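Grab a coffee and open the viewer. Here are some exercises to work through, each with a solution that goes step by step.

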Amino acid sequence: MDGRKLLSILKKEIHKAVVGKDDVIELLTIALLAEGHVIIEGIPGVAKTTIAKSFAQALGLKFSRIQLTPDLLPADILGTVYYDQIDGLWKIKKGPIFANIVLADEINRAQPKTQSALLEAMQERQVTIEGKTYKLDRPFLVIATKNPLEFEGVYNLPEAQIDRFMMEIKVGYPDKEEELEMLRRKDRGEFSEVKTVFTKAQIITAIEETKNVKVSDDVLRYLYEIVTRTRTDERLLIGASPRASEHLLYASKAKAFLEGRDYVIPDDVKSLAIPVLAHRLMVKAEYEVEGVKGETIVREILEKVEVPI
């Protein structure tokens, strides 16, 4: 499958329901092909849910949405075992985690116990219900949304869970032309339902082809240098983990595939360093109050690390 054609067709179809957001669509596609998971951070009303739902619909993948609340229990996500009186058998009622694309809306509203229920699913592609393990269907992508402005009734995500998200995608306000175009299309009733333009089999084929993208030793060393510099920066309590290196590698291969190449170049790594690394970095309090963020530090590192020719 041609990666450029895949992304072009996907964007065109999703634009039936969403104006712009090309960067978000591309990053979601990269995460899907790299078999990672993403956090979408943005205020309410910037089309986070619409993008996720349209993305799944265009790809022909099963979609489920979980509205996370403080009273939600792990069983509400994973499923439960019940006794069927008619058949006289114990059966499993599968929860919304049994889908290809799972939207975990407002993930930071769920209590830690419920958030941790996602860990096994995200990392192992399986869940355990009443001691029995069930494999999740492939592909499997968790898209978690988070409101950056709410501080009451929310819980911080455990570091172990944050590290399992390949990327954090920030969705802001649309620019002037995009918002005007959105209003014009709303006024004329021109938004339409997204149709399925790919099959699950085609997506799995694309995932396998992404794995075959080659990476030279020079590019690997470049990637390694970027990641390890976060571990020695005095402004950070926690740098990027080896899992972060792995995620940056897989995402870079997916980026190359979507660019129509069978090899990774330094620009692939550079373009994905911020969304892959920044959310994992814990800035020390004294620097945080000065406005230093993970994104700031990654950008500075990219300017300093020598790019291989």
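Buried means under 20% relative accessible area, exposed means over 50%, and partly exposed is anything in between (1.4 Å probe, protein chains only). This is a predicted model, so local features need pLDDT of at least 70 and side-chain atom pairs count only at pLDDT 80 or more, while totals for chains, interfaces and linings use all residues. Residues are numbered from 1 along each chain as its sequence is written, and side-chain values use heavy atoms, leaving out hydrogens and water.

**Exercise 1. Find where Glu-106 and Glu-35 sit, and work out what their backbones do.**

Step 1: place them. Helices (H or I, at least four residues) and strands (E, at least two) are DSSP runs, numbered from the N terminus. On that basis Glu-106 belongs to the loop between strand 5 (101-105) and helix 5 (112-124), and Glu-35 to the loop between helix 2 and strand 1 (38-41).

Step 2: check exposure. Glu-106 has a relative accessible area of 23%, so it is partly exposed. Glu-35 is partly exposed too, at 25%.

Step 3: look at phi. For Glu-106 it is near 55°, a positive value in a residue other than glycine. Phi of Glu-35 is also positive and near 55°.

**Exercise 2. Check the length of helix 8, then decide how its buried residues are arranged.**

Step 1: the expected span is 1.5 Å times one less than the number of residues. Helix 8 (residues 200-211) has 12 residues and should therefore span 16 Å; its end C-alpha atoms are 17 Å apart, which agrees.

Step 2: list the buried residues, which are Ile-203, Ala-206, Ile-207 and Thr-210. Looking down the axis of helix 8, they fall within an arc of 100° (taken from the directions from the helix axis to the C-beta atoms), so they line one face of the helix. The general rule behind this: an α-helix has 3.6 residues a turn, so residues three or four places apart point the same way.

Step 3: see what that face meets. Contact means heavy atoms within 4.5 Å. The buried residues of helix 8 pack against helix 1 (3-14), helix 2 (22-33), helix 3 (48-59) and helix 10 (242-258).

**Exercise 3. Do the same for helix 10, and track down a buried lysine in it.**

Step 1: the 17 residues of helix 10 should span 24 Å at 1.5 Å a residue, and the end C-alpha atoms are 25 Å apart, which agrees.

Step 2: count the covered residues. Helix 10 is mostly covered, with 12 of its 17 residues buried. These residues pack against helix 1, helix 2, helix 8, helix 9 and helix 11 (266-277).

Step 3: pick out Lys-253, which is in helix 10. A salt bridge is a side-chain nitrogen of Lys or Arg within 4 Å of a carboxyl oxygen of Asp or Glu. Lys-253 is buried but has no such bridge: the nearest side chain of opposite charge, Glu-208, is 10 Å away. (Lys and Arg count as positive, Asp and Glu as negative; His and the chain ends are not counted.)

Step 4: list its neighbours. Leaving aside residues up to four places away in sequence, Lys-253 touches Thr-210, Lys-211, Val-213, Val-215 and Val-264.

Step 5: look past the helix end, where Gly-260 follows with a positive phi near 85°.

**Exercise 4. Which residue pairs with Glu-300 in a salt bridge, and what does the pair tie together?**

Step 1: the partner is Arg-235, with the closest N and O atoms 2.8 Å apart.

Step 2: Glu-300 lies in helix 13 (residues 294-304) and Arg-235 in the loop between helix 9 (217-229) and strand 10 (236-238), so the pair ties together parts that are 65 residues apart in sequence.

Step 3: compare exposure. Glu-300 is partly exposed at 26%, whereas Arg-235 is buried at 16%.

Step 4: zoom out. The count comes to 27 salt bridges, and Glu-35, Arg-138, Glu-208 and Lys-211 are linked in a network of them.

**Exercise 5. Is the peptide bond from Arg-138 to Pro-139 cis or trans?**

Step 1: find Pro-139 in the loop between strand 7 (132-135) and strand 8 (141-146).

Step 2: read omega, which is near 0°; the bond is cis.
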